[in-house]
Amino acid sequence: MMESWVRFSAQSQAKERVFRAAQYACTLLGYTLQKGGARAELLNTIKQLEAHMSLTRKLMRLGNSAEALEAAKRTVHLSDCVLRLCITVAHLNRAMYFACDNVLWAGKTGLLPELDQNKWSQRSFRYYLFALILNLTRDAYEIRLLMERESRSSSSKSFNSSPSPLTPTPENGGEFPLTPSPSSVLPPLPPLPMLSARLNKQFHLLITVLRNNPPLLLDLLKNTCDIFIPLDRLGMYPTGSGFVGACGLTSSILSILTIVYPWLKLKP
């Protein structure tokens, strides 16, 4: 019974992601046609198709609020307090986002004709935005942990604990010079080159960590693309329908990849 429910849920998520990709593809296509001077009838057809895709997605997500609450119950027992806080609160915000989305679906279908759809839409996007901020915080935290681990690993490999037999030390009968010769004293680096070298090292560490962790890279890209959608809808950072459509389409394709290849999904 449980396996059947998991399979059904995965299939439902895959279909919802396909419809999401189609919806944002319509958004991007409508923007491109409008810039190209297409006829008003064609633009209206594209907008109607986009609206139908959005309504279908809302229908598919009627049970997602309960699933998000169950996911929050599972992550509340994580040992890492930062991951526990970010992931659990993100799931709770997703649950509220889906609940608002269900109310919007009822309003659009006529079940709640007196519903203030603009008010509920704004409320829904606020929960969505906060969930994405927490997801990006979780990504940044995991990246920092992996960069520190990679840095320690690189340092341990390059560190030579035993001195060379040819190097004069008190143990092998040599003596340290009391005053270093002028040629042996290196001039201190100016602050700007030191900062540049440090930033370059951190950048290479970041690239290494992301290259070695495809699930983390995909989750970071997906959340980065998604966050522009509520920012635009809430008026905090307007980017236009074309950019929103491109971001939504990209994040939808990345989500489909994590469904087709489950090992690409970031855990927990």
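Glu142 is a buried residue, with a relative accessible area of 14%. In this predicted model, Glu142 belongs to helix 5, which spans residues 117–158. Setting aside neighbours within four places in sequence, Glu142 is in contact with Leu83, Leu216 and Leu266. So here is a charged side chain that counts as buried because its relative accessible area of 14% falls under the 20% limit.

Stepping back to the whole chain, the secondary structure comes to eight helices and zero strands. Read along the sequence, that gives the pattern α-α-α-α-α-α-α-α. The chain has 268 residues, and buried residues make up 32% of them. As for how the chain meets itself, take the contacts between residues at least 6 apart in sequence: 72% of these join residues at least 24 apart.

Helix 7 and helix 8 make a good place to look at packing. Their axes come within 9 Å and cross at roughly 145°, and helix 7 passes helix 8 in a left-handed crossing. On the helix 7 side, the contact is made by Leu218, Leu221, Lys222, Cys225, Asp226, Phe228, Ile229, Asp232 and Arg233. Helix 8 brings in Phe243, Val244, Cys247, Gly248, Thr250, Ser251, Leu254, Ser255, Leu257 and Thr258. Sorted by class, this contact of helix 7 with helix 8 has ten nonpolar, five polar and four charged residues.

One of the helix 7 residues in that contact is Asp226. Asp226 is buried, with a relative accessible area of 5%; that value lies under the 20% limit, which is why the label applies. Not counting residues up to four places away in sequence, Asp226 touches Arg20, Tyr128, Leu132 and Ser251. Of these, Ser251 is among the helix 8 residues of the contact just described.

Between the two helices runs a loop, and Met236 is found in it. Met236 has 52% relative accessibility, so it counts as exposed, the cut-off being over 50%. Even so, with neighbours within four places in sequence left aside, Met236 is in contact with Leu129 and Leu231.

Next come the aromatic rings. A pair of aromatic rings is described by the distance of the centres and the angle of the planes. A search of the whole structure finds four aromatic pairs. One of them joins Phe228 and Tyr237, with 6.2 Å from centre to centre and 45° between the planes, a tilted arrangement. Phe228 also pairs with Phe243: the ring centres are 5.2 Å apart and the planes stand at 85°, so this pair is edge-to-face. That second pair links distant parts of the chain, as Phe228 is in helix 7 (residues 214–233) and Phe243 is in helix 8 (residues 241–260), 15 residues apart. Both Phe228 and Phe243 also appear in the contact of helix 7 with helix 8.

How buried or exposed are these rings' residues? Phe228 has 22% relative accessibility and counts as partly exposed. Phe243 gets the label partly exposed at 37%, and Tyr237 is partly exposed too, with a relative accessible area of 48%. These values fall between the 20% and 50% limits, so none of the three residues is called buried or exposed.

Elsewhere, ring pairs link Tyr97, Phe98 and Tyr128 into a cluster. Tyr128 is also one of the residues touched by Asp226. A ring of another kind of contact is that of Trp120: the charged end of Arg123 sits over it, 4.5 Å from its centre.

Two more spots, towards the ends of the chain, complete the picture. Gly30 has its place in helix 1, residues 2–35. With 14% relative accessibility, Gly30 counts as buried. Not counting residues up to four places away in sequence, Gly30 touches Leu43 and Ile46. Gly30 and Ile46 are 16 residues apart along the chain, while their C-alpha atoms are separated by 6.1 Å.

Pro268 lies in the segment after helix 8. Most peptide bonds are trans. The bond that joins Lys267 and Pro268, however, is a cis peptide bond, with omega at about 0°.

How values were computed. Residues are numbered from 1 along each chain as its sequence is written. This is a predicted model: local features need pLDDT of at least 70, side-chain atom pairs count only at pLDDT 80 or more; totals for chains, interfaces and linings use all residues. Side-chain values use heavy atoms; hydrogens and water are left out. Rings of Phe, Tyr and Trp (its six-membered ring) pair if their centres lie within 6.5 Å; planes under 30 degrees apart count as stacked, over 60 as edge-to-face and the rest as tilted. Buried means under 20% relative accessible area, exposed over 50%, partly exposed in between (1.4 Å probe, protein chains only). Helices (H or I, at least four residues) and strands (E, at least two) are DSSP runs, numbered from the N terminus. A charge sits over a ring if NZ of Lys or CZ of Arg is within 6 Å of the ring centre and within 35 degrees of the ring normal. Axes are lines fitted to C-alpha atoms, for helices over the stretch in contact, and angles run from 0 to 180 degrees between N-to-C directions. A crossing is left-handed if the near helix is turned anticlockwise from the far one by less than a right angle, and right-handed if clockwise. Contact means heavy atoms within 4.5 Å.
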